[in-house]
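Me: I have a model open and want to go through it piece by piece. Can you take some questions?

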Amino acid sequence: MCPPPLRSALLWAFWLIAWCPTQRLRAVPPPLLHLPFLEAPAHCDGTLAGDEGFDPLNFGGLYNMKYLREAEIKHGRVCMLATFGFVMVDLGLIAPGAPAVSSLAAHDVTVKSGHMLFLLFVVAIWESLSYNAIAEMMSGETDRAPGDYGIPYRFCREGDTATQEKYQLQEITHGRAAMLGFSGMVTASALGEGHGFPYF
């Protein structure tokens with residue numbers, strides 16, 4: 001039987017996936033199905049992939065939407081990788097030289113060994129190198145899209161905007177699900193006192 005927090009996390013994840021759009025980007029966001037008593041804010045105009053007009057705390061009105069989307073894409077990509085890595089380690093795939101511990105224990109072990117400090121420096125260097133491109137994007141100096149690191153699309157022709165929009169929507173949808181899923185996996189693993197996959 002699933003612990004109540006895990007059940008709740010799974011229900012929220014399935015609810016999110018069920019409400020995510022599956023066909024294409026829409027120029028005008030639909031009425032707020034999530035909170036019908038709220039109106040969609042002006043900055044939720046449907047131009048970004050996965051925009052359903054949901055911003056009840058008005059973060060998009062307080063901060064640059066491109067910056068927020070950059071952060072969402074970045075965190076989604078990290079969580080997609082983290083979800084895969086978390087499960088693989090608990091299934092027994094250990095990188096050469098890595099400690100043979102559970103995914104849950106890996107954080108504390110690598111902090112003590114100093115590997116986490118090295119990772120912090122690697123991430124800091126990457127963030128420093130990407131800051132100029134993000135600042136120019138937010139100021140309007142370039143037409144760079146949020147999350148675009150210059151890696152071309154591999155499975156569609158250049159100029160095939162319909163397929164590119166489909167991939168953008170899939171990426172943001174999977175990233176959102178991974179952010180929720182990773183949080184739920186770590187919580188279930190901690191509540192289960194480090195039991196491995198499937199964490200219940």
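Me: Start with cysteine 79: buried or exposed?
Reply: This is a predicted model, and in it cysteine 79 has 15% relative accessibility. The cut-off for buried is under 20%, so cysteine 79 counts as buried.

Me: And cysteine 44, buried or exposed?
Reply: Cysteine 44 is buried, at a relative accessible area of 6%.

Me: How many disulfides does the structure hold?
Reply: Zero. A disulfide would be a covalent bond between the sulfur atoms of two cysteines.

Me: Stepping back, how many helices and strands are in the protein chain?
Reply: The chain has six helices and zero strands. Along the sequence the pattern reads α-α-α-α-α-α.

Me: What share of the residues is buried?
Reply: Of the 200 residues in the protein chain, 27% are buried.

Me: What about contacts between residues 24 or more positions apart?
Reply: They account for 53% of the contacts in the chain with a separation of 6 or more.

Me: Now the packing. At what angle do helix 3 and helix 6 pack?
Reply: Helix 3 (residues 65–90) and helix 6 (residues 161–191) pack at about 50 degrees, and their axes are 7 Å apart. An angle of 35 degrees or more but below 65 falls in the oblique class, so helix 3 and helix 6 are oblique to each other.

Me: Which hand does the crossing have?
Reply: Helix 3 passes helix 6 in a left-handed crossing. On the helix 3 side the contact includes Arg69, Glu72, His75, Cys79, Met80 and Phe86. Among the helix 6 residues making the contact are Glu171, His174, Arg176, Met179, Phe182 and Ser189. Cysteine 79, the buried one from your opening question, is therefore one of the residues in this contact.

Me: Phe86 is in that list. What lies 2.7 Å from the backbone oxygen of phenylalanine 86?
Reply: A polar atom of the serine 103 side chain.

Me: Where is serine 103, and what does it touch?
Reply: Serine 103 is in helix 4, which covers residues 103–113. Setting aside neighbours within four places in sequence, serine 103 is in contact with Gly85, Phe86, Val89 and Asp90.

Me: Is serine 103 buried or exposed?
Reply: Serine 103 is buried, with 12% relative accessibility.

Me: Different topic, the loop between helix 1 and helix 2. What does the side chain of histidine 43 make a polar contact with?
Reply: Histidine 43 sits in that loop, and its side chain makes a polar contact with the side chain of aspartate 55 at 2.6 Å. Not counting residues up to four places away in sequence, histidine 43 touches Asp55, Asn58, Gly60, Gly61 and Met65.

Me: What is the phi of asparagine 58?
Reply: Asparagine 58 has a positive phi of about 60 degrees, although it is not a glycine. Most residues other than glycine have a negative phi. Asparagine 58 lies in the loop between helix 1 (4–19) and helix 2 (59–62).

Me: How accessible is asparagine 58?
Reply: Asparagine 58 is at 34% relative accessibility, so it counts as partly exposed.

Me: Last one. How far apart are alanine 133 and tyrosine 149?
Reply: They are 16 residues apart in sequence and 9.0 Å apart in space, C-alpha to C-alpha. Alanine 133 belongs to helix 5 (residues 115–139). With a relative accessible area of 29%, alanine 133 is partly exposed.

Methods
Residues are numbered from 1 along each chain as its sequence is written. This is a predicted model: local features need pLDDT of at least 70, side-chain atom pairs count only at pLDDT 80 or more; totals for chains, interfaces and linings use all residues. Side-chain values use heavy atoms; hydrogens and water are left out. A disulfide is a pair of cysteine sulfur atoms within 2.5 Å. Buried means under 20% relative accessible area, exposed over 50%, partly exposed in between (1.4 Å probe, protein chains only). Helices (H or I, at least four residues) and strands (E, at least two) are DSSP runs, numbered from the N terminus. A polar contact is a pair of N or O atoms within 3.5 Å; within protein, one must be able to donate a hydrogen and the other to accept it, and residues adjacent in sequence count only if both atoms are side-chain atoms. Contact means heavy atoms within 4.5 Å. Axes are lines fitted to C-alpha atoms, for helices over the stretch in contact, and angles run from 0 to 180 degrees between N-to-C directions. Angles under 35 degrees count as roughly parallel, over 145 as roughly antiparallel, 65 to 115 as roughly perpendicular and the rest as oblique. A crossing is left-handed if the near helix is turned anticlockwise from the far one by less than a right angle, and right-handed if clockwise.
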